[in-house]
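Biologist: I am new to this structure and should be grateful for a close look at a single part of it. Please describe that part in connected form, together with what adjoins it.

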Amino acid sequence: MCGIVAYIGPKEAYPILIKGLKRLEYRGYDSAGVALLDGSLRVLKKEGKVSILEEYSTSQDTSGTVGIGHTRWATHGVPCDKNAHPHLSQSGNIAIIHNGIIENYNSLKKELEQLGYSFHSDTDTEVLVNLIEDIQKEDKLSMEEAVRVALNEVIGAYAIVVIDKREPDKLVAARKGSPLVIGIGKDEFFVASDASPIIEYTKNVVYLNDEEIAVLNRNGDLEIKTLGNIQKSPYVQKLEMDLEKIERGGYEHFMLKEIYEQPQVILDCMRGRMNAEKGWIKLGGITEYLPRINNAKRIIITACGTSWHSGLIAEYLIEELARVPVEVEYASEFRYRNPIVTEKDVVIAISQSGETADTLSAIQIAKDRQALIYGICNVIGSSIARASHAGSYTHAGPEIGVASTKAFTAQVTILTLLALQLAQAKGTISQSRLRQILYELEQIPSKVAEALKTNDKVKEIAAKYKDAHNFLYLGRGLSFPIALEGALKLKEISYIHAEGYPAAEMKHGPIALIDENMPVVFIATNMSAYEKIVSNIQEVKARKGKVIAIVNSGDSQIKALADEVIELPETDELLSPLVSIVPLQLLSYHIALMRGCNVDQPRNLAKSVTVE
Ligand code: M6R
């Protein structure tokens with residue numbers, strides 16, 4: 001939530017900031033702004049997307065070789081010019097950008113008001129910059145010392161970068177609970193919420209840890225210290241990210257590109273981790289902890305949104321294959337309900353971004369209770385990856401579209417391997433069944449590629465149903481989480497109300513909604529529930545509902561009943577979610593596009609949810 005970028009060095013800062021903000025726009029797009037230092041300190045900021053700021057800036061002075069930039073996802077105060085970042089201190093000497101929430105901002109604000117400070121925005125960030133100014137003024141401190149002392153008074157989460165016009169040769173950055181990465185170039189530094197604004201300038205980066213402050217000096221010195229004033233040596237790492245991977249590469253939208261990347265992503269995810277011929281699976285991250293995972297009395301999976309849906313799929317897979325009880329918890333509920341967790345539990349935390357605040361807190365609670373944490377993340381070096389004892393990366397590459405697609409299929413691939421490796425270690429699967437599933441898994445990338453060929457058909461269906469006000473998605477067994485995921489995809493990018501339900505639950509309520517205006521999407525690819533799904537389809541047809549059915553190719557029974565049919569290649573039922581999600585991703589994409597929605601940046605959402 002919120003993207004921040006900063007630069008200090010010999011180059012003009014503005015073009016670097018604007019380009020960086022465009023890359024970070026997936027994190028929030030309510031308003032954008034920059035502050036530039038060139039003798040004077042100038043702030044340019046506008047409600048709306050980065051392009052609006054860019055247009056506005058064409059008539060402004062954008063010179064300066066040090067600067068900070070921000071793209072906002074609103075928390076305190078509505079999206080408008082005055083609430084946009086950067087925020088200036090009362091004297092106009094200090095400018096700040098901030099990602100996160102200062103929870104005690106109200107009490108700090110009252111104290112500052114008594115000292116004569118007045119505020120021009122509704123944000124917690126303006127309180128923080130004035131707190132820094134007040135401490136600096138009172139105690140005659142350097143900027144970094146004032147930042148350190150101020151942050152010791154703050155409760156909440158933050159990633160900040162601060163500049164001071166009286167100290168034009170330095171940037172001060174700090175983090176707690178929100179990500180921050182520093183890029184080290186030749187006589188220059190970059191700071192950003194993720195590496196995407198940095199990648200084309202340098203591959204040398206330092207990931208700042210929680211409660212650390214970095215001082216980036218124009219002379220090339222980088223100092224890091226903790227909030228407790230302990231010096232740290234910077235740990236420089238090499239970025240593995242590819243510039244090409246964060247660009248649209250000829251696709252109209254990132255979401256479409258990411259949907260089409262799935263065959264390759266699944267392949268990359270399996271690479272080096274399994275061999276069907278030899279019947280082995282090896283998730284590197286698990287080996288050291290396998291005995292503990294093997295003896296776990298229970299596995300708790302915690303995640304949010306789409307990642308929670310992949311957790312539901314894992315519940316089916318792990319219970320079916322490895323016979324270990326699994327509970328799947330929304331991280332946001334788990335963290336607040338005093339859950340019973342012990343050292344005998346294994347907690348699997350799933351997150352694309354690796355930064356989701358609720359999932360991070362859930363991990364902390366489970367860790368405090370001595371559970372083993374296994375993290376499944378996409379973003380390398382992310383907070384959740386670092387907070388976990390063990391884990392596996394999904395290696396899906398940067399996912400920029402706010403609607404998660406390829407990260408989901410990559411998560412399901414890893415979780416399938418995990419379930420199989422556990423089953424093998426526990427002896428709950430025969431070697432022949434294991435090989436059979438692995439052979440089938442090897443075929444999944446080409447079956448997903450086949451599924452992508454339904455695009456034209458899906459587009460036709462989208463055109464017919466794009467004006468519906470509601471959609472129902474129904475599935476049984478492993479297709480139930482797919483129904484939930486299909487519904488989430490539709491609502492988040494097309495703003496059509498959609499619900500996912502277990503098909504058999506329809507008769508306990510949702511059936512009342514069905515009439516000739518209600519499209520009902522059935523995921524009917526799992527053969528063990530086939531006859532039951534056929535009955536559910538008949539129940540919908542009897543009430544004049546419109547049935548869109550996802551079936552295996554060659555199906556005739558459902559074809560005869562449904563209004564629309566999308567045919568997919570058949571696979572092992574346990575792997576069916578990896579294929580059946582594809583047309584649902586495409587359906588939401590086309591409907592959103594036809595309704596004129598911003599597919600990659602849906603309203604009110606942000607890619608990485610670093611607030612509660
Ligand atoms: O980065 P995470 O996987 O932890 O994010 C969790 C959810 O915020 C995320 O899956 C969200 O639901 C997506 N927008 C769904 O497409």
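Modeller: The account below concerns domain 1, taking its place in the chain, then its sheets, and then its contact with domain 2. Please note that this is a predicted model.

The protein is divided into three domains: domain 1 covers residues 3-245, domain 2 covers 251-451 and domain 3 covers 453-601.

Two open sheets may be described within the residue range of domain 1. One is an open sheet of 8 strands with antiparallel pairing, and its order is S3-S2-S4-S1-S10-S9-S11-S15. Its edges are formed by strand S3 (40-47) and strand S15 (237-238); each has a single partner strand, so one side of each is left without a neighbour in the sheet. Further in, strand S9 (residues 181-185) and strand S10 (residues 188-192) run antiparallel and are joined by 5 bridges. Within this pairing, Gly-183 has Phe-190 of S10 as its bridge partner.

The other is an open sheet of 7 strands, again with antiparallel pairing, in the order S5-S6-S7-S8-S12-S13-S14. Here strand S5 (87-88) and strand S14 (231-232) occupy the edges, and because each has a single partner strand, one side of each lacks a neighbour in the sheet. The partner of S14 is strand S13 (residues 222-226), to which 2 bridges join it in an antiparallel arrangement. Lys-225 stands opposite Gln-231 of S14. In general, the strands of a sheet pair through backbone hydrogen bonds, either parallel or antiparallel.

The contact with domain 2 comes next. The C-alpha centres of domain 1 and domain 2 are 34 Å apart. Where they touch, domain 1 contributes 11 residues and domain 2 contributes 9 residues. Together the two domains bury about 890 Å², of which 51% lies on carbon and sulfur atoms. On the side of domain 1, Tyr-26, Tyr-207 and Lys-245 supply 48% of the area buried against domain 2, more than any other three residues. The residues of domain 1 that touch domain 2 comprise 6 nonpolar, 1 polar and 4 charged. Although 4 of these residues are charged, the count of salt bridges between domain 1 and domain 2 is 0. Polar contact between domain 1 and domain 2, by contrast, is found for 2 residue pairs, with both residues at pLDDT 80 or more.

Definitions and conventions
Residues numbered from 1 in each chain as written. Predicted model: local features only at pLDDT ≥ 70, side-chain atom pairs only at ≥ 80, totals over all residues. Heavy atoms only, no water. Domains from an automatic or database assignment. Contact = heavy atoms within 4.5 Å. Buried area = accessible area lost by both parts, 1.4 Å probe. Salt bridge = Lys/Arg side-chain N within 4 Å of Asp/Glu carboxyl O. Polar contact = N/O pair within 3.5 Å; in protein donor to acceptor, adjacent residues only side chain to side chain. Nonpolar A, V, L, I, M, F, W, Y, C, P; charged D, E, K, R; others polar. Pairing = 2+ DSSP bridges. Helix = DSSP H or I, 4+ residues; strand = E, 2+ residues; numbered from the N terminus.
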